[in-house]
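Let's take a friendly walk through this fold, from its sheet to its helices and a few backbone details. Have the viewer open as you read.

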Amino acid sequence: MSQILRRDVLRSLIAGPTGWALRSAATGLPVAFLMNPQALAEEVIAVDPAKAQFAVMALSDAGEPINTNCPGSYDFADMVHPPMGGPNADNFEKAPILLGGKQYTAAKLWTTLPQWVLDRSMFLQHATYVDNHGMIANVMRLMGRTKALEMIPAIYARHLAGALKTVQSTPISAGSDDILTAGGIRIPNTPPTAWRELVGQYEGMPSAMQNLRDDTMNDLYRVLRQRGTPAQLRYLDRLARSGSDAKKLGGDVGNLLANITNNEADGQLQAAVAIIKMNLSPVVAVRLNFGGDNHNDPQLSLSEGPRHIEAMAALVKFFAALKLNGLEDKVTFVSFGVFGRNFRPDLSKGRDHWGNHHTTVVIGKNVRGGIIGGTAPRNNDYIATSIDSITGAGIADGSGDIKFEDTLAAAGKTIGAALGITPATLDQEISGGKVVVGALT
């Protein structure tokens with residue numbers, strides 16, 4: 001590779017608004033320290049550093065029918081699943097699935113996830129209390145339960161940033177549309193192909209990142225040796241990447257970006273891995289289509305069936321990419337939507353909106369595999385039950401200490417706890433509900 005090519009790649013890395021972000025990624029040092037190396041980061045008090053996780057959150061205002069085929073959706077014989085014909089017919093057959101050492105039942109396609117993923121997969125059944133599109137922002141504010149009506153992805157990112165030492169403390173959207181805000185400011189969506197174009201000459205990334213790291217470190221050492229303190233130098237030595245680590249990071253990120261070919265689920269999840277690899281944000285938002293707004297989906301064969309299969313295939317690739325990049329113990333996946341779908345649809349039409357039941361999927365190191373909460377028959381369909389916060393069991397008679405009307409707030413707190421945020425902090429940010437202790441390791 002020519003010296004000219006290396007210089008061109010390096011120039012593209014440090015030019016414009018991405019400059020500080022990429023310097024931070026190359027060195028492993030927070031942007032605040034790079035901009036003012038004589039200042040030390042504040043102590044982390046809101047997050048358990050040993051449990052701090054990045055989050056990839058699949059958000060949707062479409063009303064994805066995840067709840068109707070995942071574990072927990074075969075508990076009653078009259079719950080309806082896609083009766084697809086042809087070679088894909090067996091994907092929705094009733095199949096045993098092992099979660100956290102206990103056997104449950106789900107659509108067979110959920111068993112395509114590797115067992116190490118299933119061992120840390122939790123399916124939290126709750127209500128969202130809304131039946132209309134356009135309400136995802138309200139649901140992410142837990143229907144008025146969050147402090148200052150902040151969205152939960154922004155709450156998580158703000159508290160996790162210090163522990164993870166990310167470039168920014170607000171979420172990044174890599175495919176979730178323009179539905180996120182942080183501090184009242186809208187977060188623009190940047191599609192995967194735009195991330196791919198961040199650097200056009202991927203073969204130059206390894207040397208470029210190492211050069212960027214070396215130049216930045218030389219500048220920092222020069223400043224601190226002249227005007228710094230021993231504590232600041234120790235901080236620099238403790239956090240900084242080595243040159244070889246920066247070079248490897250450049251190669252890994254270059255490969256991830258180069259392999260993005262579209263803005264669909266595969267591309268979004270690939271971009272999310274690259275963003276986390278560069279330590280840019282604690283939370284990356286994407287969108288996975290599990291069938292979407294499937295009112296006009298007779299026999300559940302036009303949308304729900306095919307889209308479920310595609311989304312699960314994308315997740316299998318995502319977890320493989322995490323493992324390949326050494327991130328499987330650092331990233332938690334969350335699927336969170338505006339509402340679920342009814343379990344007993346009119347098969348001549350498709351499924352209706354169902355705010356009385358939704359399943360949030362949480363997969364990560366701090367999660368105990370299993371089903372949290374449950375379903376109970378109500379008005380010719382099924383709704384989410386109350387929950388026992390200690391065991392995670394669904395209590396059909398409503399006597400659980402997390403009542404039906406508090407299950408959404410409990411979901412918000414339990415996701416936060418799975419990411420490493422302390423219960424005391426979550427109580428300050430979210431009113432009502434409880435962390436489901438039985439859902440966590």
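Helices here are DSSP runs of H or I with at least four residues, and strands are runs of E with at least two, numbered from the N terminus. The model itself is predicted, and its local features are reported at pLDDT of at least 70.

**The sheet**

A good place to begin is the open sheet of 7 strands, whose order is β5-β8-β1-β9-β12-β4-β13, with mixed pairing. At its edges are β5 (172-173) and β13 (370-372), each of which pairs on one side only. Strands of a sheet pair through backbone hydrogen bonds, in either the parallel or the antiparallel sense. Three of the pairings are set out below.

| Strand pair | Sense | Bridges | Opposite residues |
|---|---|---|---|
| β1 (residues 54-60) and β9 | parallel | 7 bridges | F54 and V331 |
| β9 and β12 (residues 358-363) | antiparallel | 3 bridges | V334 and V362 |
| β5 and β8 (residues 283-286) | parallel | 2 bridges | S173 and A285 |

Two helices lie across parts of this sheet. Helix α11 (residues 265-277) lies across β1, β5, β8 and β9, and runs at about 170 degrees to β8. Helix α12 (residues 304-324) covers a stretch of its own, lying across β1, β9 and β12 at about 155 degrees to β9.

**Strand β9 and V334**

How many residues of strand β9 are buried? The count is 7 of the 7 in residues 331-337, so the strand is largely enclosed by the rest of the structure. Its side chains alternate: V331, F333, S335 and G337 point one way, while T332, V334 and F336 point the other way, and all are buried.

V334, which is found in strand β9, is worth a click. Its relative accessibility is 0%, and because buried means under 20%, V334 counts as buried. Leaving out residues up to four places away in sequence, V334 touches V56, M57, A58, T360, V361, V362 and I415. Of these, V362 is also the bridge partner of V334 in β12. By contrast, H353 is 19 residues from V334 in sequence and 21 Å from it in space, C-alpha to C-alpha.

**Helix α8 and its two partners**

Next, turn to helix α8 (residues 205-227), which packs with helix α9 (residues 230-239) at an angle of about 165 degrees, their axes 10 Å apart. Angles over 145 degrees count as roughly antiparallel, and α8 and α9 are therefore roughly antiparallel to each other. Their crossing is left-handed. On the α8 side the contact uses M217, L220, Y221 and L224, and on the α9 side Q232, L233, L236 and D237. By class, these residues divide into 6 nonpolar, 1 polar and 1 charged.

How do things look with helix α10 (residues 243-258), and at what angle do the axes cross? The axes of α8 and α10 come within 7 Å and cross at roughly 140 degrees, which makes α8 oblique to α10. This crossing is right-handed. From α8, the contact is made by M205, P206, M209, Q210, R213 and D214. From α10, the residues include G243, A246, L249, G250 and G254. The contact of α8 with α10 has 6 nonpolar, 6 polar and 3 charged residues.

An α-helix has 3.6 residues a turn, so residues three or four places apart point the same way. You can follow that spacing along M217, L220, Y221 and L224 of α8 in the contact with α9.

**Helix α2 and some positive phi angles**

Helix α2 (residues 19-27) is mostly covered, with 7 of its 9 residues buried. The buried residues are G19, A21, L22, S24, A25, A26 and T27. After α2 comes G28, whose phi is positive, near 80 degrees.

Most residues other than glycine have a negative phi. Two residues that go against this habit are easy to find. K165 has a phi near 55 degrees and sits in the loop between α6 (152-164) and β5. With a relative accessible area of 22%, K165 is partly exposed. N379 has a positive phi of about 50 degrees although it is not a glycine, and its place is the loop between β14 (375-378) and β15 (381-384). Is N379 buried or exposed? At 71% relative accessibility, N379 counts as exposed.

Definitions and conventions
Residues are numbered from 1 along each chain as its sequence is written. Side-chain values use heavy atoms; hydrogens and water are left out. Buried means under 20% relative accessible area, exposed over 50%, partly exposed in between (1.4 Å probe, protein chains only). Two strands pair if DSSP finds at least two bridges between them. Axes are lines fitted to C-alpha atoms, for helices over the stretch in contact, and angles run from 0 to 180 degrees between N-to-C directions. Angles under 35 degrees count as roughly parallel, over 145 as roughly antiparallel, 65 to 115 as roughly perpendicular and the rest as oblique. A crossing is left-handed if the near helix is turned anticlockwise from the far one by less than a right angle, and right-handed if clockwise. Contact means heavy atoms within 4.5 Å. Ala, Val, Leu, Ile, Met, Phe, Trp, Tyr, Cys and Pro count as nonpolar, Asp, Glu, Lys and Arg as charged, and the others, Gly among them, as polar.
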